[in-house]
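Please look over the sequence and the model below. The report that follows takes up confidence, a helix, and two sets of strands.

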Amino acid sequence: MKFFPLVTTFCLALSLSCFAQKSKSQGAAIASFYPMQMEDSLAVYFTPKNFDIKADGKTDVSDALQLAINQVKKKYNFGVLFIPEGTYLISKTIYIPAAVRLIGYGKTRPLIVLAKHSPGYQQLDKSDKGWAKYMFWFTSNLVAKGGTPDDAGASTFYSAMSNINLKIEDGNPQAVALRTHYAQHSFIAHVNVYAGNGKAGMYDVGNEMEDVHFFGGDYGIYTTKTSPGWQFMMLDTYFEGQKKAAIKTQEAGLTIVRMHAKNVPVVIAIDSGFWEKLFMKDCLFDNVGKVAIVISNAGNPNTQINLRNINCRNVPVFASYRESKKSILDKAELYSVSDFTNGLVQDGINAEPVYKTTASIEPLKVFPSSLKIDIPVLPSMDSWVNLKSLGAKGDGRTDDTKAIQSAIDKYNVIYVPQGWYRVSQTIKLNERTVLIGLNPISTQFFLAENTEAFGGFGGPVPLIETSMGGTNIISGIGLSTGASNPRAVACKWMAGAASYLNDVKFIGGHGSMGNTKFGGQESPYKMGTAGLWDTQYWSLWITNGGGGIFKNIWTANTYATNGVYISNTATKGNIYGLSVEHHVHNEVRFKNVSGWSVFALQTEEESRESSDCQPIELENCDHMLFANLYMFRVIRVAKPYPYAIRNWYSKDIEFLNVHNYAQTKYTSTNTVFDMQSGEEVCSWELAQLLINDDNEQKKSIENPVRQLATGFQFAEGMCSDGKGNIYFCESGANRIYQWLASTKTIRLLGDYPWQPLSLACDKNDNLLVVFKYEPKSGYLIKGKPEVFRNPPDAAGTSFSGWGNSGFATWVYSIDPSHPDESIRLLRKTPMGSIKNIYKALYPAHRWRDYHDFNLVVVDSAKWCWVAPDGVTVIPIVYDLARATSLAEAFPGKPLYISDEYNERTVSLSVSREGYVSNRKDFAEKGNFATATNGTGNVFIADGQVYVFNKNGEQIKEIKIPERPTGLIFGGRDHQTLFVTGHQSLFKVEILEN
């Protein structure tokens with residue numbers, strides 16, 4: 001249907017009323033979200049006119065539907081497939097490649113049905129990750145006929161399904177309706193999934209989901225962690241009638257707001273042996289047969305559970321702990337859980353983190369019939385005016401500024417079909433302007449390079465400027481400021497609390513899909529425009545009392561100073577799913593902000609542009625909530641950065657479920673630095689952190705800590721020899737240092753061209769250097785180039801990907817008395833061939849994020865390096881490539897190794913041949929290094945130095961001025977603890993109790 005340019009007043013209050021009415025019957029069939037056809041010359045329409053199909057529920061349309069989807073992908077690499085109302089029968093998996101969106105329309109939602117007894121949906125498929133077969137599988141690209149699909153991943157953007165219902169007919173017990181492992185700007189919205197007797201509604205979550213209802217199945221959702229490892233934002237969902245659990249999960253970062261679960265045995269079941277960072281707010285649990293929340297991995301800092309305002313009816317057990325079998329019971333028929341926290345809690349910037357569980361449970365008089373929803377709905381479609389019908393071209397060449405502004409001046413609700421709309425002046429919205437697009441990569445407002453109004457010197461000039469205090473909505477549109485427009489701000493947002501910014505991509509640099517035909521951008525690396533990085537104003541600037549709802553937003557514009565800058569506002573604001581990445585100096589700034597809630601904020605720093613980027617700045621803010629906050633540095637980052645969050649005079653800030661991490665060793669050194677008090681929050685994993693106006697200094701350090709030297713660039717790899725001398729290195733600078741116990745002086749021992757990774761000494765005090773050997777282009781051995789492939793045990797860690805392959809991890813030795821001319825590569829021999837070894841040297845920590853640590857840590861290496869003493873060996877394992885230090889495994893003595901990914905230390909037994917076995921969990925702390933003193937106490941570096949007795953009981957904490965990277969006992973008496981921090985070498989005189 002065409003959208004005629006008729007004016008219809010948009011009443012936000014009426015729309016919200018309609019939405020509230022809709023929410024009263026969460027389980028009922030919901031009317032179509034798009035009841036009318038949208039005109040779009042760049043879209044593909046799945047109609048009998050265009051394809052040989054019938055929407056009668058009897059004719060199999062599988063092949064035609066796949067053909068239509070592929071047509072969208074092949075046309076521009078992204079786009080929209082519109083599916084009209086009707087019932088569509090399929091019998092095989094339909095693959096949806098990256099950046100393709102399926103959108104239903106009509107008075108009733110289109111229904112896609114998996115036919116009864118469809119081939120392949122009856123048998124358990126153990127070769128498949130989810131052990132299932134899928135109706136719709138979101139993939140990274142097109143799947144050739146008969147080919148093997150590549151699952152959607154961390155670079156699968158803009159994929160979606162909206163306003164389409166799905167149904168699994170009987171006879172398909174292994175059927176799952178959706179497999180959705182995609183990344184930013186991908187979502188499922190306004191979908192009912194009737195799983196019936198199938199396996200589940202969805203396998204593997206990704207990015208965001210809104211207004212999805214799950215009925216039946218063993219599970220509504222069962223999932224592993226998202227493909228990028230970030231949070232999952234889930235809004236306004238309903239689950240009913242699942243046989244096993246509404247959601248079964250592991251490490252998905254579930255950020256759930258307004259979930260209604262009814263007639264299920266379990267609401268959330270966290271898989272055995274896995275942690276989860278679970279945040280839930282404003283939920284209804286109704287008639288839960290067994291237990292609402294099953295918590296696993298309790299006691300570990302990665303396990304973070306925060307639940308707020310959960311109303312329960314007939315829920316006999318609210319939470320249970322898988323390992324301990326303990327439960328939190330409430331026998332009342334009706335009760336409300338206002339606050340439940342489980343995990344590592346730090347009650348103030350100066351407080352010590354403590355693992356604990358707190359629960360506030362009160363009787364409830366009346367069970368709510370519905371959930372109050374804060375997402376504004378779009379105005380009635382009969383008020384939409386098609387922008388192209390008003391003269392805008394969207395061809396990437398024509399200046400559409402006047403056409404866009406004229407449309408806004410005349411009409412309140414503008415539908416923006418796919419296209420690339422060039423803009424040369426600020427587009428100003430009136431107080432009720434609504435701009436509606438349906439795919440932000442194929443629907444863009446953009447600036448050509450060096451647009452006059454946005455160039456030269458001067459203050460910020462917005463591409464889009466909202467009204468002050470208005471009820472503006474912008475949805476499904478990309479905003480691109482180009483690379484060379486230094487005054488540009490993509491969006492200056494001043495609209496009020498009832499406004500809405502949704503599914504908006506701030507384009508520039510990353511995620512641009514490489515299509516330049518209609519004004520799109522290439523990679524910032526390919527363009528050769530690194531000199532333009534960090535030369536524009538902010539991408540999203542919320543200021544002057546701006547507020548509202550901000551959902552499913554991604555800003556990765558390397559040319560902008562900040563991805564998001566929020567300043568000078570006390571208007572209520574809720575952020576639901578915000579990804580901010582790849583900026584040079586700042587990702588997100590909050591200045592003079594009060595009363596905001598931020599759910600599922602994720603930052604990411606890339607190596608080339610963001611190694612010195614400050615992820616989050618908080619300045620003079622108050623009464624803010626951050627829930628499921630993930631701060632990530634990519635695997636290619638090769639230098640440390642001191643803080644993930646800098647706080648300037650803020651108070652009453654609550655962080656729930658904090659995840660500060662990297663696959664490499666260069667995680668942001670500390671999670672928070674308080675600019676007023678100078679205090680640091682060292683813990684990388686926290687269930688709760690409160691920042692208030694208490695700025696007292698922490699207690700003095702228990703043990704005397706003395707700085708011996710400073711000025712290093714990430715000191716690591718520490719070891720000691722028989723004389724008590726200490727050695728450490730700077731891997732990034734190729735330097736090796738020695739601290740002499742006799743003279744108490746330090747010297748630069750060597751700066752060889754081989755990157756040192758970790759150090760050790762053999763029985764005769766030869767220094768052993770584990771190093772990275774990279775083949776050089778053009779160098780040949782017997783006419784052939786050197787080629788190195790990752791060993792099989794590399795498969796258990798994501799560190800082995802994204803550039804960490806193609807090199808060898810070898811070991812050389814030097815004599816410290818004359819190092820420069822004594823460099824020798826160690827010989828390699830079969831492991832176990834040397835009997836009665838002196839010691840074996842294993843990686844002191846292992847990052848195994850594919851969950852094989854317990855297996856690989858006791859795996860028997862086939863080969864080993866042999867030190868010059870002939871009795872010290874280094875088993876050859878892939879994790880030597882990442883480890884910053886080595887652990888000494890002496891036969892007959894316990895060995896302690898850190899499971900770095902899970903922040904846990906385990907103990908192992910050591911055989912005469914150097915093999916290890918008998919793995920036991922020792923302590924729920926663990927990072928880069930451990931050390932054991934003469935009394936058997938174990939010292940573990942994890943933000944600070946924690947001391948445990950032989951039984952795994954913590955007996956002391958030693959505060960070090962810098963985050964520890966290495967621990968070793970040395971000095972003449974071998975009783976002094978030496979610690980490397982990021983910049984310094986320390987010694988600690990141990991005062992035993």
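Which residue follows α2, and is its phi positive or negative? Helix α2 is followed by Asn-77, whose phi is positive, near 85 degrees.

## Basis and confidence

This is a predicted model, in which local features need pLDDT of at least 70 and side-chain atom pairs count only at pLDDT 80 or more, while totals for chains, interfaces and linings use all residues. Residues are numbered from 1 along each chain as its sequence is written, and side-chain values use heavy atoms, with hydrogens and water left out.

The protein chain averages a pLDDT (the predictor's confidence in each residue, from 0 to 100) of 93, and 94% of the residues score at least 70. Over residues 1–29, however, the pLDDT is below 50, although this stretch has 66 contacts (heavy atoms within 4.5 Å) beyond near neighbours in sequence. Where pLDDT is low, the predicted coordinates should not be read in detail.

## Helix α2

Helices (DSSP runs of H or I, at least four residues) and strands (runs of E, at least two) are numbered from the N terminus. Helix α2 covers residues 62–76, and its 15 residues should span 21 Å at 1.5 Å a residue (the expected span being 1.5 Å times one less than the number of residues); the end C-alpha atoms are 23 Å apart, which agrees.

Among the buried residues of α2 (buried meaning under 20% relative accessible area, with a 1.4 Å probe and protein chains only) are Leu-65, Ile-69, Val-72 and Tyr-76, and the polar Gln-66 and Asn-70 also belong to this list.

## Strand β3 and its partners

Six of the six residues of strand β3 (residues 79–84) are buried, so this strand is largely enclosed by the rest of the structure. In a regular strand the side chains alternate between the two faces of the sheet. In β3 both faces are covered, with Gly-79, Leu-81 and Ile-83 buried on one side and Val-80, Phe-82 and Pro-84 buried on the other.

Strands pair if DSSP finds at least two bridges between them. Strand β1 (residues 44–45) runs parallel to β3 and is joined to it by two bridges, with Leu-81 as the bridge partner of Val-44. Six bridges join β3 to strand β6 (residues 100–105), also in parallel, and here Leu-81 stands opposite Leu-102.

## The β52–β55 sheet

Four strands form an open sheet in the order β52-β53-β54-β55, with antiparallel pairing. Strands β52 (715–720) and β55 (745–750) stand at the edges, each with a single partner strand, so one side of each is left without a neighbour in the sheet.

Strand β54 (residues 735–740) pairs with β55 over five bridges in the antiparallel sense, and Trp-739 has Ile-746 of β55 as its bridge partner.

Conventions: Buried < 20%, exposed > 50% of the residue type's maximum accessible area, 1.4 Å probe, protein only.
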